[in-house]
Structures are given as structure tokens and as C-alpha cells.
Amino acid sequence: MIRLLRPLLPLGLGAALAASAWAATPEAPVPATGAGGMPQRVLACVTCHGKEGRATPDGYFPRIAGKPAGYLYNQLLNFRDGRRSYPQMSYLIEHLTDDYLREIAGHFASLELPYPPPPAPQAPPAVLEQGRLLVQQGDAARQIPACVQCHGQAMTGVVPAIPGLLGLPRDYLNSQLGAWATGQRRAQSPDCMARVARQLTPGDVSAVSAWLAAQPVPAGGKPAARLTAALPLPCGGVPADAVAH
Ligand code: HEC
Ligand code: HEC
């Protein structure tokens, strides 16, 4: 029932928050030019994504502060161009140019803000252990690569285009993996995450999300500078030189 979370959870919440985003900025929420620096121009974004983009403690909205710039940029393109869908957000960016989206992505990526401690684990120990094994070792027999092979051993992502897996709400993780499996979320082709997500059973998804959401973010939470080995699958949007030779 993981897939149901996405339509049910964010839509109601987002509608309420979108209304307050308008109230906070009655003129164009993200003017392409105009007075004020980037922090003023992205006020509509932080209404949902939390103060300075750090996410809210108990919500569905993902943190955007400090994520790799290329990853954030790719997501803004994905929302604008229909590979991801969240209408309450997409309408804010549908008319923005690639350059302006790159600037917004660079702004949030450059923020260095502390992460709150993780919530208490929300699954029994055996389930958490199943999640940990999948993340750290994968399951070769079922063609599931270890998540850390791409997301970095510290799971804090790899610049420029692979996001970290820590500091995200469990509901958000569940719904993203569910959305990839059903094709509701897509990345640039070849979409490696779609291949990974389709190999996971609903039980796997639940275990992985529960374990990841309960891990603390290592100090700073910064993405790794490079991958240490070739990606186990090709990923669109990830430059080939992200891998150390
Ligand atoms: C109405 C609430 C809302 C507003 C306003 C909003 N967002 Fe979002 N944003 C979301 C939600 C919800 C998601 C996750 C959607 C999903 O895929 O389920 C999201 C996802 C994202 C992501 C992808 C994060 C990730 O880890 O993959 C980025 C980047 C992002 N938003 C940037 C922005 C920017 C920049 C703005 C301002 C121009 C903005 N958002 C405004 C609700 C909002
Ligand atoms: C072959 C490399 C690869 C593997 C293996 C991989 N990922 Fe990913 N993952 C990516 C890339 C690349 C992205 C960014 C996709 C995009 O641009 O939308 C991503 C994005 C994600 C996101 C979205 C994060 C966000 O903020 O929205 C989640 C969640 C995720 N992966 C979970 C996992 C889990 C769990 C596993 C292990 C079961 C895993 N990934 C294995 C490459 C990989």
C-alpha cells in the first residue's frame, strides 16, 4: 500500500501550504528578476521545504539544503518537464529557464546547515536488519546492487548528481521508491533507479526506508567528492567523470 501514500499524503498538505506560500509572497513567488537576493526569491520554496530548505521535522517534504547541485538541478528539470509530478510545486517553476533553475539549485546546494537527529526507528529489529543488508550489500541473487555503490559508503551522496539517502522522512523514501517502480517518478535515461526500484518487493522498500530514516547524518552530511568505483548500472544525468579512474 506504499504507493497510495503519495497521492494521499502530500496533496492535502501541499494545498494548504501552497495557499500560505501565496500569502507570504502575494506577487510572483519566484520572480525571474527583481529586488532581493536569492534568499528572498526562494521564499515560496521554503514555505514547504522548511526554513532555508532544511525540511520540517515530521513532514513529507524533502530537505533540499546541501544536496548536490547537479542533483537539485536535475530534479527541477524533472518537475518542470514532467518526469516528476507535484503540481503545487511544478507551477512555480514551469516558466523558469534552465539557467535560472541552475541558479536556484546552486543556492540550495551551497547551504551548510546542521541536520536534526533522526527519529526513533519505526520497525522491529529484524526488519531494520533486512533494510541495512539491502542498503550496504544489496542482494546479488535478485540483481539488487547495494545502494552504497552509487549513493556513497557514507550514504551522503556523491557530487554532482547523486543524492544522499540520510536525513529523509520515511514516508518520502517509501513514496519515491514506489513512484519509481510504477513510473510516476522518472530520471533521465537510462533510469538506473527505476531498474533498482523494480527489483524491490514492497517489504524490501519498507525495510530499506525504515532503516535509512533512522540513521543519523554524519557530521556535515556533505556529499562525497567522487565515486570510488564504476557504477553498477549506467545512470542518466550522472556525468561519467564522477567516477575516480
Ligand atoms: C507546495 C509545497 C512546495 C513548494 C511551494 C515547493 N516544493 Fe519542492 N517539493 C515539494 C514536494 C512535496 C516534493 C516531493 C514531491 C514528490 O516527488 O513526491 C518536492 C520536491 C522538490 C525537490 C526534489 C528534492 C529531492 O530530494 O529529490 C526539489 C529540488 C525542490 N522540491 C525544490 C523546490 C524549489 C526550488 C521550490 C521553489 C521554487 C519548491 N521546491 C517549492 C513541495 C513543494
Ligand atoms: C546504479 C546506481 C544506483 C543504485 C545502485 C541506487 N541508486 Fe538511488 N539514485 C541513483 C541516482 C543517480 C539517483 C538520482 C536520480 C535522479 O536524478 O532523479 C538516485 C536517487 C535515489 C533516491 C531519491 C532521493 C531523493 O532525495 O529524492 C532514493 C530515495 C534512492 N535513490 C534510493 C536508493 C536505494 C534505497 C537504493 C538501494 C536499494 C538505491 N537508491 C540504489 C543511483 C542509484
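**Exercise 1.** In this predicted model, determine whether H151 is buried or exposed, and describe its setting.

*Solution.* Start with the neighbour count: 22 other C-beta atoms lie within 10 Å of H151. The cut-off for a buried residue is 20 or more, so H151 is buried. Next, place the residue in the fold: H151 belongs to helix α8. Finally, list its contacts, leaving out neighbours within four places in sequence: these are G157, I162, G164 and L165.

**Exercise 2.** Apply the procedure to M193: is it buried or exposed, and what does it touch?

*Solution.* M193 has 20 C-beta neighbours inside 10 Å. Because the criterion is 20 or more, M193 counts as buried. Its helix is α10. When residues up to four places away in sequence are not counted, M193 touches W180 and A187.

**Exercise 3.** State which residues UniProt gives as "binding site", and find how far apart they lie in space.

*Solution.* The unreviewed UniProt entry places this feature at C147, C150, H151 and M193. Along the chain these positions are spread over 47 residues. In space they cluster, with a largest C-alpha distance of 11.1 Å. Two of the annotated positions are those treated above: H151 in α8 and M193 in α10.

**Exercise 4.** Characterise the shell of residues around ligand 2.

*Solution.* First, the count: 28 residues surround ligand 2, and the closest are P145, C147, C150, A187 and C235. Second, the elements: two or more residues each come from α4 (69-81), α7 (125-137), α8 (148-151), α9 (170-182) and α10 (192-199). Third, the composition: the shell holds 23 nonpolar residues, 5 polar ones and no charged ones. Fourth, the domains: domain 1 (2-109) and domain 2 (125-238) each supply at least three residues to the shell.

**Exercise 5.** Locate the largest nonpolar core relative to the domains, and identify the element that gives the most to it.

*Solution.* The core has 50 residues; those touching the most other members are L72, L76, A105, F108, L177, A197 and L212. Elements giving two or more residues are α3 (43-49), α4, α6 (98-109), α9, α10 and α11 (202-213). Of these, α11 gives the most, with 7 residues. Domain 1 (2-109) and domain 2 (125-238) both contribute, so the core lies between them.

As a last step, take L212, one of the core residues named above. Apart from neighbours within four places in sequence, L212 is in contact with G131, V135, L165, L166, L168 and L173. L165 is also among the contacts of H151.

Notes: Residues numbered from 1 in each chain as written. Chains lettered and ligands numbered in written order. Predicted model: local features only at pLDDT ≥ 70, side-chain atom pairs only at ≥ 80, totals over all residues. Near = placed C-beta within 6 Å. Helix = DSSP H or I, 4+ residues; strand = E, 2+ residues; numbered from the N terminus. Nonpolar A, V, L, I, M, F, W, Y, C, P; charged D, E, K, R; others polar. Domains from an automatic or database assignment. UniProt positions renumbered as here; feature names shortened; annotations may be inferred. Buried ≥ 20, exposed ≤ 12 C-beta atoms within 10 Å, placed from the backbone. Contact = placed C-beta atoms within 7 Å. Core = buried A, V, L, I, M, F, W, Y, C linked by C-beta atoms within 7 Å.
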